[in-house]
Each structure stands twice: as C-alpha cells, then as structure tokens.
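User: I would like a close look at one part of this structure, with its packing described in some detail. Here is the model.

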Amino acid sequence: MHIAEGFLPPLHAAAWTLASAPFVVHGARAVVRQVREHPEDRLLLGAAGAFTFVLSAIKLPSVTGSSSHPTGTGLGAVLFRPPVMALLGTVVLVFQALLLAHGGLTTLGANAFSMAVVGPWVGWWTYRLARRLTGSLAVAVFAACALADLATYVTTSLQLALAFPDPATGVPGALAAFLGIFGLTQVPLAVAEGLVAVLVVRALVSVAPEDLQRLRVLRVTDAAVSR
Amino acid sequence: MTAAIATAAVLLVALSFALAPSPPEGAEGFTGADSQATQYIEQSRPDYDPWFSLGLPVLPSQVESGLFALQAALGGIALGYAVGRLRGRSAT
C-alpha cells in the first residue's frame, strides 16, 4: 500500500503523480464544495477522515505470518462518495510520509492512486452493487470497506510489478510475486476492516440518522441496522 | 448484534495471529508486508538504489511504533469527538 520513499523509479513516480493529481484536485474541490454547501456535514467528514487516520496507522498481524495496515478509506467513500477521499486519503499519506517515514513524497502519487483513488472507487461501486443486491446497509458497508482495502493493495502490487518486472517472467511474474506478498496477508485485515466499519456505521446511524438520511446512505427501510 | 460483530473482528485478528506460521529460528515474526516488498525489490534488483530520501532520521522501531500509535490515537480522538458532537447535536 505504501511504497517506500524512492522505491519507484523516477519515470514511474512521475507518471503516477500525474495520474493521481487530477483526482486529488477534483477531490479538494469536492471537499470545499461539500463544506460550503453543507456545513452541517463537517463532523461526518471529519469522522470519515479520522477513520482513515486510525486504520491506516494500525499494524495488524495476519495469518500468513506477516503484518500489514488496513486502509480505512471505504467508509468515507460510502458516506461522501469517492472524490472526497482522494483528498482525505492524500492528506493522511502526506502526514505519514513526513512524520512517520511511511510511504514517501516521490511515491505519494502512486500511493494516492492506490489508496485514495482506486480503493474508494472500488468501495463505492461495491457498496452500490451490494446495496442493490442485498438491500442491507451493513452488508454493503462491509463489502465496500473490505474490497476497497483489497483493491488498494492489488493496485500497489500492480504498480510495483510495472516498475520492477521479473527478468524472466516479466510483469505478470512480478505481479504474482507482489500479490503473494501483499494479497493473502491482506485478506483477514480487509475482513476485519469491513467489520469495524460496520460498527462505526452503526454508531453513526444511532447518533446522526438524519444526516445519514440526507446523505442518502440511510433509508427509511433500514430500521433494523442500529438494533 | 454490535457485540457479535465486535467479537467476530477480535476473533478474526486473534485467530489470524494464532494460526500464523512461527518465524524461522532467531528471526522476528510478523514482519511488515511493506518491508517485505522492499526486501524483494532489493534482492531481485541488487543494483537498484532508492534515488530519493527526505533525510529524515531513521527511528528505532519502538519510536516508530509509538508514532503510529500516536496517529491512531489522534484519529481516535477525532472520531470520538465527531460522534459525541453528533450525538449532542441530535439530542437538542
């Protein structure tokens, strides 16, 4: 998820920065617009950002014998749609790159693309699909956050594979190797993230049902969620 | 229901931890996947050098863990504050 400082060759680093920049700019405008048009949403927006802050800092052990971080971006994507997360996720990444030496500034573009763009969008689409298929808010939030997490790491694996193709097997071989490092390890973490996100949404439903209804997250038919 | 979900999450992490293979002799267990990726790159491309560094001091791992914990704590405080304010607002 967080490619370390200097571990993407300059060309790749620049390319990913260019790729993610428009999303981050659009995201910044979306945040400003959201706050300006709906100042009452500031608390929920802060909660979404805080959730990302918390989850991306926690290192959890995994069944493969290694450890990794969840991403925490799915919740904000479900509440406010993906563009907002492009900015919030990037803020978290900048914080971590500067203060924790986790990730980097040269790799900020790539990390933002995986964690602040791809993750939230996959989460959002999953949320919409799961909502339509199951009608359940809890299931949709769970699926959205778990898959947002996994999608982030798959993207990171792809970014690394493109930058460091295997001399023998090329990009596919490198992709398999990086997925081997990140993929299986991340699965229990993604499931845990989904479960925690459901807990947070339940708490939000019980304290701010009108806000969530206004955001079109909570529906009148969702009465059972907070029980 | 809340208790069930919370229990499931805790059990998942605990089981994940318990079922993990033991680290080889002398090696530290549960190394980060991020650093494993870095090591993989360094091994498969010995000639690759990270070309940029912020020049920040390399922190001992305990301090690094402490800073991560601080980040999580700050996020937790913000999240708790938001939920509390929302609750207070809807109570009036």
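At roughly what angle do the axes of H4(A) and helix H5 of chain A cross, and within what distance do they come? Please go on from there to what else surrounds H4(A).

Analyst: This is a predicted model. The axes of H4(A) and H5(A), the latter covering residues 108-134, cross at roughly 145 degrees and come within 9 Å. The crossing is right-handed. On the H4(A) side, the contact is made by Pro82(A), Pro83(A), Met85(A), Ala86(A), Gly89(A), Thr90(A), Val92(A), Leu93(A) and Val94(A). Their partners in H5(A) are Leu108(A), Asn111(A), Ala112(A), Met115(A), Ala116(A), Pro120(A), Trp121(A) and Trp124(A). By class, this contact has 14 nonpolar and three polar residues, with no charged ones.

H4(A), residues 82-99, also packs against H2(A), residues 42-57; here the axes come within 10 Å and cross at roughly 40 degrees. Angles of 35 to 65 degrees fall in the oblique class, so H2(A) and H4(A) are oblique to each other. H2(A) passes H4(A) in a right-handed crossing. From H2(A), the residues involved are Leu45(A), Gly49(A), Thr52(A), Phe53(A), Ser56(A) and Ala57(A), and they meet Val84(A), Met85(A), Leu88(A), Val92(A), Phe95(A) and Gln96(A) in H4(A). Eight of the residues in this contact are nonpolar, four are polar and none is charged. Met85(A) and Val92(A) appear in the contact with H2(A) and also in the contact with H5(A).

H2(A) itself is mostly covered, with 14 of its 16 residues buried. From first C-alpha to last, H2(A) reaches 23 Å, close to the 22 Å expected at 1.5 Å a residue.

A further contact with this part comes from Gly27(A), which lies in helix H1 of chain A, residues 10-37. Leaving aside neighbours within four places in sequence, Gly27(A) is in contact with Pro83(A), Val84(A), Ala86(A) and Leu87(A). Gly27(A) and Ala86(A) are 59 residues apart in sequence, yet their C-alpha atoms are 5.2 Å apart in space. The relative accessible area of Gly27(A) is 0%, so this residue is buried.

Leading into H4(A) is the loop from helix H3 (74-80), where Arg81(A) lies. Most residues other than glycine have a negative phi. Arg81(A), however, has a positive phi, near 75 degrees. With a relative accessible area of 47%, Arg81(A) is partly exposed.

Conventions. Residues are numbered from 1 along each chain as its sequence is written. Chains are lettered from A and ligands numbered from 1 in the order in which they are written. This is a predicted model: local features need pLDDT of at least 70, side-chain atom pairs count only at pLDDT 80 or more; totals for chains, interfaces and linings use all residues. Side-chain values use heavy atoms; hydrogens and water are left out. Axes are lines fitted to C-alpha atoms, for helices over the stretch in contact, and angles run from 0 to 180 degrees between N-to-C directions. Helices (H or I, at least four residues) and strands (E, at least two) are DSSP runs, numbered from the N terminus. Angles under 35 degrees count as roughly parallel, over 145 as roughly antiparallel, 65 to 115 as roughly perpendicular and the rest as oblique. A crossing is left-handed if the near helix is turned anticlockwise from the far one by less than a right angle, and right-handed if clockwise. Contact means heavy atoms within 4.5 Å. Ala, Val, Leu, Ile, Met, Phe, Trp, Tyr, Cys and Pro count as nonpolar, Asp, Glu, Lys and Arg as charged, and the others, Gly among them, as polar. The expected span of a helix is 1.5 Å times one less than its number of residues. Buried means under 20% relative accessible area, exposed over 50%, partly exposed in between (1.4 Å probe, protein chains only).
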